[in-house]
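This report describes a single protein chain through its fold, its helix packing and a small set of residues. The sequence and coordinates are shown first, and the discussion follows.

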Amino acid sequence: MSGFYRDGEWVSAVVGGPTESTEEAERACAEALKRVESGESTARTEMKELLARFPSLKKDRPNHPLLPFAGFYAKEVFGE
């Protein structure tokens with residue numbers, strides 16, 4: 001993987017930001033899902049923040065961490 005170090009932290013040249021671990025991204029998704037389920041936030045807001053914070057979530061993969069947000073997002077967009 002190409003990139004460089006900035007202030008002692010690895011920066012990926014592919015996405016232009018620090019690389020994050022899969023576990024960290026999945027943990028953040030789980031916490032965001034709890035906020036959506038409890039009504040503290042909307043799926044749209046949480047997904048937008050997660051995609052900005054974790055560029056790796058933009059890549060397609062099996063069992064994608066954002067998949068559980070789909071039902072909540074559809075309800076928000078199409079109404080109940």
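A residue is called buried when its relative accessible area is under 20%, exposed when that area is over 50%, and partly exposed in between. With a relative accessible area of 30%, A74 is therefore partly exposed. The model under discussion is a predicted one.

**Overall fold**

Three helices and two strands make up the secondary structure of the chain. Their order along the sequence is β-β-α-α-α. The chain has 80 residues, of which 26% count as buried.

**Packing of α1 and α2**

Two packed helices are described by the angle between their axes and the distance between the axes. Helix α1 spans residues 22-38 and helix α2 spans residues 43-53; the two pack at an angle of about 165°, and their axes are 9 Å apart. Helix α1 is therefore roughly antiparallel to α2, since angles over 145 degrees fall in that class. The crossing of α1 and α2 is right-handed.

The structure holds one salt bridge. It is formed by the side chains of E46 and R35, with an N to O distance of 2.9 Å. Because E46 belongs to helix α2 and R35 to helix α1, the pair ties together parts of the chain that are 11 residues apart in sequence. As to accessibility, E46 is buried, at a relative accessible area of 5%, whereas R35 is partly exposed, at 30%.

**Spatial contacts across the sequence**

Three residue pairs separated in sequence are listed below by their C-alpha to C-alpha distances.

| Pair | Separation in sequence | C-alpha to C-alpha distance |
|---|---|---|
| A43 and A32 | 11 residues | 8.3 Å |
| R44 and V77 | 33 residues | 8.9 Å |
| A74 and A43 | 31 residues | 9.1 Å |

Residue A43 appears in two of these rows, paired with A32 and with A74. Residue A43 is placed in helix α2, and its relative accessibility of 0% makes it buried. Its partner A74 lies in helix α3 and, as stated above, is partly exposed. Residue R44 is also in helix α2; with a relative accessible area of 54%, R44 is exposed.

**Nonpolar patch and helix α3**

Which residues make the nonpolar surface patch? The patch is made by Y73, V77 and F78, and its area is about 330 Å². One of these residues, V77, is also the partner of R44 in the table, at 8.9 Å between C-alpha atoms. Another, F78, is placed in helix α3, which covers residues 69-78. The relative accessibility of F78 is 73%, so F78 counts as exposed.

**Backbone at N63**

Most residues other than glycine have a negative phi. Residue N63, in contrast, has a positive phi, near 55°. Where is N63 found? Its place is the loop between α2 and α3. At a relative accessibility of 71%, N63 counts as exposed.

**Summary**

In this predicted model, helices α1 and α2 pack with their axes 9 Å apart, and the salt bridge between E46 and R35 joins these two helices. Helix α3 contains F78, which contributes to the nonpolar patch together with Y73 and V77. The loop between α2 and α3 holds N63, a residue other than glycine with a positive phi.

Definitions and conventions:
Residues are numbered from 1 along each chain as its sequence is written. This is a predicted model: local features need pLDDT of at least 70, side-chain atom pairs count only at pLDDT 80 or more; totals for chains, interfaces and linings use all residues. Side-chain values use heavy atoms; hydrogens and water are left out. Patches are made of residues with over 30% relative accessible area and no salt bridge: like charges are joined within 9 Å, nonpolar side chains (Val, Leu, Ile, Met, Phe, Trp, Tyr) within 5 Å. Accessible areas come from the Shrake-Rupley method with a 1.4 Å probe; for residues, only the protein chains shown count as cover. A salt bridge is a side-chain nitrogen of Lys or Arg within 4 Å of a carboxyl oxygen of Asp or Glu. Helices (H or I, at least four residues) and strands (E, at least two) are DSSP runs, numbered from the N terminus. Buried means under 20% relative accessible area, exposed over 50%, partly exposed in between (1.4 Å probe, protein chains only). Axes are lines fitted to C-alpha atoms, for helices over the stretch in contact, and angles run from 0 to 180 degrees between N-to-C directions. Angles under 35 degrees count as roughly parallel, over 145 as roughly antiparallel, 65 to 115 as roughly perpendicular and the rest as oblique. A crossing is left-handed if the near helix is turned anticlockwise from the far one by less than a right angle, and right-handed if clockwise.
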